[in-house]
Amino acid sequence: MSNHSDSELLAMFRNPDTKHYAFNLLVRKYQERLYWHIRKIVISHDDADDVIQNTFLKVWGGLDTFREDSQIFTWLYRIATNEALTFLKKKRTKYLLPLVDVEQQLMRTLEGDPFIDGDDTQLKLQKAILKLPEKQRVVFNMKYFEEMKYEEMSEILGTSVGALKASFHHAVKKIEKFLEED
Amino acid sequence: MEMKTKKFDKKLPFRVPEGYFDELPMRVQERVAASQNKEVKNGWVTLRSQLAFAAGFAFMALLSYLGYYMARPLGHKPEKTDYVEIVSRTIYDFDDIDLYRAIEQKKRTDSIKQAMQNVPHRFYIRSSNCITIIDEKKEVNP
């Protein structure tokens, strides 16, 4: 794990001699958090692997122009979220699938992916989360699993704090209902 | 907001292959290097196509130029704008008799001008049936 601060990494990245080294450190610093964030959206490990590589490729291309008026962590999260949601959207358009079928596909992945091995209750919760609309699912995951602050989520998702609170509230209610019905 | 059902822990049911996070940075770097090579290659392809287009255009322009001059009739008469040709030809065609004629002509024109200057200028009022001279002015040369 890198001990360098984000500002130090950025300064190193802007120096052509240490650019690749700084980027490597940045990947090592944030890869796990970003991976799990993406994995919760796309479910499959292979898909998450594709998305995280694309995310870092975008980061490489945009880090030169990154303005330090926001945290690098929120910027990375924003790219990762967009990449993951775009990936699902592409999947839908590629196979001409309606939204429900993508959910079914993700549900099947949850049951058949070799890199999923939780207990029944964990799987039950994941299945309930998959029934939520995509954006609400992202909000729920960020708040419930990652315990992120609403202000940070607002910066990442470009949605107001009030709307996020309402979205999380509705998501919890829906999940509780799904679990009771199940 | 806390979920009512407390039995759900926050552990995820997902796992990754052994050593995945150790290898990921290297694979990302490989992707970055591949994308840079692709960019350079794309840049060269673009430059090459632009150069090919420019060369084709220059060739067509050269062909048009040569075609135009090759298709010109042999007994071509120079245009009025071909000054160099006109001047050089005029110099060789010039004759002393032409010079004398030009001097004669000039003298005649000057004498007419002189005579016209001595004629008084008359100012008229033109009415329906007659013309009245109201003033007469003679120009005096300094």
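Trainee: Are α7(A) and α9(A) roughly parallel or roughly perpendicular to each other?

Mentor: Take helix α7 (residues 134-144) and helix α9 (residues 161-181) of chain A, helices being DSSP runs (H or I) of at least four residues. Their axes, lines fitted to C-alpha atoms, come within 9 Å and cross at roughly 90°. Angles of 65 to 115 degrees get one name, so α7(A) and α9(A) are roughly perpendicular.

Trainee: What kind of model is this?

Mentor: Residues are numbered from 1 along each chain as written, with chains lettered from A and ligands numbered from 1 in written order. Local features need pLDDT of at least 70, side-chain atom pairs need 80 or more, and totals for chains, interfaces and linings use all residues, since this is a predicted model.

Trainee: Which residues of α9(A) do Q136(A), V139(A), F140(A) and K143(A) meet?

Mentor: Contact means C-beta atoms within 7 Å. The residues of this contact divide into five nonpolar, three polar and one charged. Those four in α7(A) meet L164(A), S167(A), F168(A), H170(A) and A171(A).

Trainee: Is A48(A) buried or exposed?

Mentor: A48(A) is found in helix α3 (residues 45-62) of chain A. It has 24 other C-beta atoms within 10 Å. The cut-off is 20 or more, so A48(A) is buried.

Trainee: What is the C-alpha to C-alpha distance from A48(A) to A84(A)?

Mentor: A48(A) touches Y35(A), I38(A), R39(A) and V42(A), leaving out residues up to four places away in sequence. A84(A) is 36 residues from A48(A) in sequence, but in space the separation is 7.9 Å.

Trainee: How many residues of chain A are in contact with chain B?

Mentor: Chain B brings 23 residues to the contact. On chain A, the number is 29.

Conventions. Axes are lines fitted to C-alpha atoms, for helices over the stretch in contact, and angles run from 0 to 180 degrees between N-to-C directions. Helices (H or I, at least four residues) and strands (E, at least two) are DSSP runs, numbered from the N terminus. Angles under 35 degrees count as roughly parallel, over 145 as roughly antiparallel, 65 to 115 as roughly perpendicular and the rest as oblique. Two residues are in contact if their C-beta atoms, placed from the backbone, lie within 7 Å. Ala, Val, Leu, Ile, Met, Phe, Trp, Tyr, Cys and Pro count as nonpolar, Asp, Glu, Lys and Arg as charged, and the others, Gly among them, as polar. A residue is buried if 20 or more other C-beta atoms lie within 10 Å of its own, exposed if 12 or fewer, and partly exposed in between; C-beta atoms are placed from the backbone.
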